[in-house]
Structure formats: C-alpha cells, structure tokens
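Have the model open in your viewer, with the residue selection tool ready. We will go stop by stop.

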Amino acid sequence: LSPLSEVDPEIAAVLGQELERQRNTLEMIASENFVPRAVLEAQGSVLTNKYAEGYPGRRYYGGCEFVDIAERLAIERAKSLFGAAYANVQPHSGASANAAVMSAIAQPGDRILGLSLDHGGHLTHGMRLNFSGKLYEAHAYGVNEQTGLLEMETVRAKAIEVQPKVLIAGWSAYSRTLDFAAFRAIADEVGAILWVDMAHISGLVAAGLHPSPVPYADVVSSTVHKTLGGPRAGFILTNNVDIAKKINSNVFPGQQGGPLMHVIAAKATAFMLAASDEFKDRQQRTVRGAQILAERLVQKDMTDLGVDVLTGGTDVHLVLVDLRKSELNGQEAEDLLHSVDITVNRNAVPADPRPPMVTSGLRIGTPALATRGFADAEFTEVADIIAETLKPGADLAALKVRARALADAFPLYEGLESPGSWS
Ligand code: PLP
C-alpha cells in the first residue's frame with residue numbers, strides 16, 4: 001500500500017510533469033477537456049478492481065451489487081440528459097462504441113456512407129485501414145471544397161448513387177451545425193439506417209446549443225471526454241427497442257469483455273454534471289470563444305497573409321484555420337503555437353495541396369479553456385496571441401509570456417499535489 005511516488009518514481013514523475021504541462025500551457029486541442037475533480041476521483045477508484053461482464057442485474061460475476069448501482073445511474077442519467085429511451089454506457093472508447101454500432105446495424109460487405117476523412121470525417125466512418133473500411137464497403141460524401149460547407153444536396157445525390165445500408169452523420173473536424181432532419185429525410189428516401197456520431201458536439205447538444213440528433217437518428221454514438229467533459233470513454237443511445245437489444249449484445253459479448261466500472265462510475269458523475277446550469281454556461285463560453293477566435297482570424301491582417309477560416313466562422317467549439325494560401329503549412333503553424341505554449345493540432349483541409357503529415361490547416365478548440373473559466377476577455381487575448389504568433393517575425397518570447405499569464409490567472413486542479421493526492 002505504498003504510494004506511487006515510492007513504488008514507481010518514474011511514472012510518478014510523468015504524472016507530475018503532465019500536471020504541470022496542463023497547468024502552464026493553453027490547451028486548445030478541440031477533442032480535449034479537463035475533467036472535474038469528482039470525475040478524477042470516481043475514475044481513480046477501487047471500482048477498477050471489479051469484473052462485471054453482463055449488464056446490471058444480469059452479470060456473469062458475483063459481487064456486482066454496488067457496481068450495478070453505478071451503471072444504472074449512468075444509464076438513467078445518459079437517457080435523461082439526451083432524452084433517449086435506451087443507453088449503453090459500456091463502450092471503452094468512441095471507436096469501440098462505433099464498432100459496436102456498426103456490427104449491430106450492418107453486415108460485413110454492406111455499403112456505408114459517411115463524411116470523407118480528409119473533409120473532417122472520422123476513422124471509424126470508413127477509413128481504409130480501420131475496421132469500418134475493411135469490413136464494409138465504404139463510400140464518402142464531401143464538403144464544398146471552396147466554402148468548406150456541407151451541402152445537403154450533395155449528401156442526397158451521393159446517397160441516391162450509393163444506396164447505403166447505413167448513412168453516417170458526424171465529424172471530427174467541421175465547424176457548422178448539422179441538419180439532422182435533412183439527414184433523416186435522405187436516409188428515409190434511400191432506405192438507409194441513420195447513425196449519428198455526436199462525439200465532438202455531445203456537450204453542446206446536452207446544453208441545448210446544437211440541435212439534438214436523438215429524435216432523428218436510429219442510433220447515436222458519442223465519446224464522453226470531448227465537449228461533454230467526462231472520462232475518456234464512449235456510449236450509445238437509441239429510441240428503438242430492437243436496435244437497443246442489438247447494441248447491447250454487440251457491445252458485450254460482441255466487442256468487449258468486462259466493462260471498466262471505474263470509468264462507468266465517472267461517466268455517471270459526468271452525465272449528472274452536464275445537466276447543470278454551470279455546464280450550460282461553460283458550453284456557451286466555449287462556443288463564444290470559438291466565434292471570437294474565428295472573427296479575429298478573418299481580419300485583413302491575417303487574410304493578407306493567406307490565413308483564413310474554413311466556412312468563414314463557426315457554430316461550435318472549434319475553428320478550422322485554412323492555410324492553403326499561406327506560406328505557413330499546418331505543421332509549422334502547430335509548432336509555432338507550441339513554442340508559445342498553445343497546444344493545437346494540424347489538420348487536413350478539403351483539397352489539401354500538402355501531404356497528410358504536413359497539412360494546410362489547424363483545428364483549434366475552446367472546450368478546455370472554457371472549463372478553466374475563460375470568457376470573452378480571455379478568449380480575445382488568446383485570439384490575439386494566436387494571430388500574432390502566425391505572423392512573420394513574431395516576438396515569440398513575449399507571446400509566450402502573455403500565454404503563461406492567462407494560464408496562471410486560471411489555476412487548474414488547485415489542491416492536487418503531484419502525482420495524485422489532494423491537499
Ligand atoms: N467519433 C468521432 C467523431 C471522433 O472525433 C472520435 C475521436 O476523435 C471518435 C469517434 C473516437 O473516439 P476515441 O478516440 O475515444 O476512440
């Protein structure tokens with residue numbers, strides 16, 4: 001029962017260093033967030049010890065009376081948060097949730113149609129090397145390469161051509177609201193099952209800031225750790241009892257063995273917190289922050305340098321910076337921002353002229369900084385720091401000082417002492 005720092009000082013050092021990195025830098029990876037202390041505690045708990053194959057009340061192991069309570073709470077809270085009739089909270093990750101969805105609603109060899117990976121789709125929506133591209137006949141629709149906008153007429157034309165078994169809506173990099181009613185109409189027209197992967201936007205959906213896919217989709221999957229701000233994990237929702245049964249058997253035993261009960265407990269806590277007014281306020285600051293950043297980057301001093309914003313703005317928690325006309329490529333821009341302690345990721349843009357490891361874009365997200373407490377004033381300063389950093393001859397040392405001042409003004413995990421104990 002010795003502490004980590006004594007048992008394994010090397011790993012303890014990693015935890016300490018990572019805590020300092022998170023505290024001292026500005027985290028703007030669109031898919032990341034900071035979980036509350038309550039979620040860290042639930043996840044770092046004795047529930048990690050428990051095997052619980054099966055579902056609450058129907059387990060293949062004894063001693064599940066308490067983990068059953070945790071899983072039932074997670075299920076009920078997920079259902080109530082998103083207004084769904086059925087929820088499965090066992091997927092270990094977004095990708096495993098998606099694998100279970102696909103195995104529940106399609107057969108190997110069936111045609112599937114999702115947003116192209118290089119236009120902002122996800123690996124699990126049909127990428128060649130992923131299970132989705134290997135097991136199914138994957139087709140893709142794309143955005144308008146000039147505007148970056150998804151046009152429903154294009155989706156419809158592609159769906160009529162492909163006649164997919166599954167139509168997929170959802171993305172990893174897109175900055176506008178999706179029209180789920182239009183996706184539903186297209187799915188009905190071609191006789192497809194509509195699956196929405198709301199991983200990125202589930203926090204916005206929970207807060208009522210993005211239309212909910214739940215009334216329209218046959219099945220909805222999500223991660224818990226992006227805008228929703230919970231533990232790293234996935235979950236699945238549906239209103240259809242037959243699909244719900246297939247989802248359950250395709251998660252366990254179809255895809256997984258024992259569920260991660262410590263993570264399921266942390267999901268329950270995250271779903272509870274996501275129903276609060278504080279959470280809604282945070283999501284509002286998230287979207288507003290992204291809009292402030294987009295407004296700053298479309299100003300003339302940036303567009304003159306070839307730095308632009310795909311779709312001209314954003315409705316969500318991220319901004320897609322378009323560097324196709326800039327001398328700066330995605331890799332260089334990511335490295336420059338890293339040098340002033342702002343963490344973002346480079347991202348391919350539609351019809352990207354540069355190779356995938358370099359790219360001509362950046363994906364910049366605001367959820368983690370909104371969780372730290374940032375509001376309009378701080379997001380305006382971050383936007384200015386980003387814009388100045390991307391200009392030739394920027395004073396990077398001075399910009400780094402400004403970024404650090406913002407981080408210091410919003411302390412993270414106060415009372416958490418390295419590596420894992422609270423004072
Ligand atoms: N679905 C979408 C739309 C995503 O953006 C992601 C992650 O980036 C996933 C699924 C996969 O989630 P995970 O990384 O937990 O497997």
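Select β11 and β12 (residues 318–322) in this predicted model. The two strands run antiparallel, and two bridges join them. Now pick V309 and look across to β12: V321 stands opposite.

Widen the selection to the whole sheet. Four strands make up this open sheet, in the order β11-β12-β15-β14, with antiparallel pairing. Which strands stand at the edges? They are β11 (308–309) and β14 (345–346). Each has a single partner strand, so one side of each is left without a neighbour in the sheet.

Next, add helix α12, residues 277–297. The helix lies across β11, β12 and β15 (361–365). Sight along β12 to check the angle: α12 runs at about 20° to that strand.

Stay with the sheet and follow the chain from β14 to β15. The loop between these strands holds P356. Is P356 buried or exposed? P356 is exposed, because 12 other C-beta atoms lie within 10 Å, and a residue with 12 or fewer counts as exposed. Then select Q331, 25 residues from P356 along the chain. The C-alpha atoms of P356 and Q331 are separated by 9.9 Å.

Last stop: the ligand. Show the shell of 15 residues that surround the ligand. The closest are S93, G94, A95, S172 and A199. Which helix gives the most to this shell? Select α5, residues 94–105: this helix gives three residues. Colour the shell by residue class to finish. Three residues are nonpolar, 11 are polar and one is charged.

Notes. Residues numbered from 1 in each chain as written. Predicted model: local features only at pLDDT ≥ 70, side-chain atom pairs only at ≥ 80, totals over all residues. Pairing = 2+ DSSP bridges. Contact = placed C-beta atoms within 7 Å. Axes fitted to C-alpha atoms, helices over the stretch in contact; angles between N-to-C directions. Near = placed C-beta within 6 Å. Nonpolar A, V, L, I, M, F, W, Y, C, P; charged D, E, K, R; others polar. Buried ≥ 20, exposed ≤ 12 C-beta atoms within 10 Å, placed from the backbone.
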